[in-house]
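Trainee: I should like to go through this chain and ask, for each term applied to it, what justifies the term.

Mentor: Please do; let us have the structure in view and begin.

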Amino acid sequence: MKKIIGVIFLIALGVAGYFGYNYYNDTYNGQTAYARIPETVPEKTQTKSDSGEIIKGWSSYKYTLTFVKENGEKQTMGYDLSGENPTPYQPNAIVKAEISKKRIIKGPNTVSESDVPDKVMKELNK
């Protein structure tokens with residue numbers, strides 16, 4: 001009986017490890033990607049918390065960015081630029097970020113066109 005419980009425990013541990021690794025990989029394992037800021041600046045809106053409550057004194061610009069990874073793969077993600085007095089990105093600027101399958105991990109930060117790999121720049125200019 002103890003052997004059966006031990007085997008079941010090991011199988012459960014293996015399944016939990018597999019799903020835990022996949023979650024971590026999809027959420028926190030990022031790749032460098034670049035995006036071009038849209039030509040129009042989004043409307044400045046009142047910032048809301050995850051529960052929907054308005055955060056006093058804060059405002060946001062909601063961007064939808066199409067990132068191009070260094071391997072040429074594209075991924076569209078939303079990004080809220082929020083703060084007490086946020087400055088919107090310059091239209092047509094290029095930004096660099098670390099992104100995973102689910103979220104933007106780091107950035108986006110404005111970079112010059114010379115810092116972008118040629119292959120990625122060709123995709124951004126399409």
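Trainee: Why is serine 100 called buried?

Mentor: First, please note that this is a predicted model. The relative accessible area of serine 100 is 2%, and buried means under 20%; serine 100 is therefore buried. Its place is the loop between β5 and β6 (104-111).

Trainee: What does the side chain of serine 100 reach?

Mentor: It reaches the backbone oxygen of threonine 27 at 2.9 Å. The side chain of serine 100 also reaches the backbone oxygen of aspartate 26, at 3.3 Å. A polar contact requires a pair of N or O atoms within 3.5 Å, so the distances of 2.9 Å and 3.3 Å both satisfy that limit.

Trainee: Which residues does serine 100 touch, not counting residues up to four places away in sequence?

Mentor: They are Asp26, Thr27, Tyr28, Asn29, Gly30, Gln75, Met77 and Ile105.

Trainee: Gln75 is in that list. What makes glutamine 75 buried rather than exposed?

Mentor: Glutamine 75 has a relative accessible area of 13%. The limit for buried is under 20%, so glutamine 75 qualifies as buried. This residue sits in strand β4 (residues 74-83).

Trainee: How do you know that the side chain of glutamine 75 has a polar atom placed to meet serine 100?

Mentor: A polar atom of that side chain lies 3.0 Å from the backbone oxygen of serine 100. The cut-off for a polar contact is 3.5 Å, so the distance of 3.0 Å falls within it. Setting aside residues up to four places away in sequence, glutamine 75 touches Leu65, Thr66, Phe67, Lys69, Ile99, Ser100 and Lys101.

Trainee: Glycine 78 is also found in strand β4. Why is glycine 78 called exposed?

Mentor: Its relative accessibility is 59%. Exposed means over 50%, so glycine 78 counts as exposed. With residues up to four places away in sequence left out, glycine 78 touches Tyr63, Thr64 and Ile104. The C-alpha atoms of glycine 78 and tyrosine 63 are separated by 5.7 Å, although these residues are 15 apart along the chain.

Trainee: How do you know that β3 and β4 pair?

Mentor: Strands pair if there are at least two bridges between them. β3 and β4 have ten, in the antiparallel sense, so the condition is met. One example is threonine 66, whose bridge partner in β4 is threonine 76. The two strands form a hairpin with four residues between them, and glycine 72 in the turn has a positive phi of about 95°.

Trainee: What makes β1 and β3 a pair?

Mentor: They are joined antiparallel over two bridges. At least two are needed, so β1 and β3 qualify as a pair. In addition, tyrosine 34 stands opposite valine 68 in β3.

Trainee: Over how many bridges do strand β2 (residues 44-48) and β3 pair?

Mentor: Four, again in the antiparallel sense. Here lysine 44 stands opposite tyrosine 61 in β3. β2 and β3 form a hairpin with five residues between them, and glycine 52 in its turn has a positive phi of about 95°.

Trainee: Which residues touch the most other members of the largest nonpolar core?

Mentor: The core has 16 residues, and those with the most contacts to other members are Ile37, Tyr63, Leu65, Phe67, Tyr89, Ile99 and Ile104. Two or more residues come from each of β1 (31-36), β3 (54-69), β4 and β5 (94-99). β3 supplies the largest share, four residues. Another core lies apart from this one; it has seven residues, among them Val116, Val120, Met121 and Leu124.

Trainee: What is the pattern of the chain, read along the sequence?

Mentor: The pattern is α-β-β-β-β-β-β-α, with two helices and six strands.

Trainee: Why is the chain called more spread out than a compact globule?

Mentor: The radius of gyration is 20 Å, whereas the globule rule gives 14 Å for 126 residues. The value is well over the rule, so the chain is more spread out than a compact globule. Along the principal axes, the C-alpha atoms fill a box of roughly 65 × 45 × 20 Å. Of the 126 residues, 28% count as buried.

Notes. Residues are numbered from 1 along each chain as its sequence is written. This is a predicted model: local features need pLDDT of at least 70, side-chain atom pairs count only at pLDDT 80 or more; totals for chains, interfaces and linings use all residues. Side-chain values use heavy atoms; hydrogens and water are left out. Buried means under 20% relative accessible area, exposed over 50%, partly exposed in between (1.4 Å probe, protein chains only). A polar contact is a pair of N or O atoms within 3.5 Å; within protein, one must be able to donate a hydrogen and the other to accept it, and residues adjacent in sequence count only if both atoms are side-chain atoms. Contact means heavy atoms within 4.5 Å. A nonpolar core is a set of buried Ala, Val, Leu, Ile, Met, Phe, Trp, Tyr and Cys residues joined through side-chain atoms within 4.5 Å. The radius of gyration is taken over C-alpha atoms; the globule rule is 2.2 Å times the number of residues to the power 0.38.
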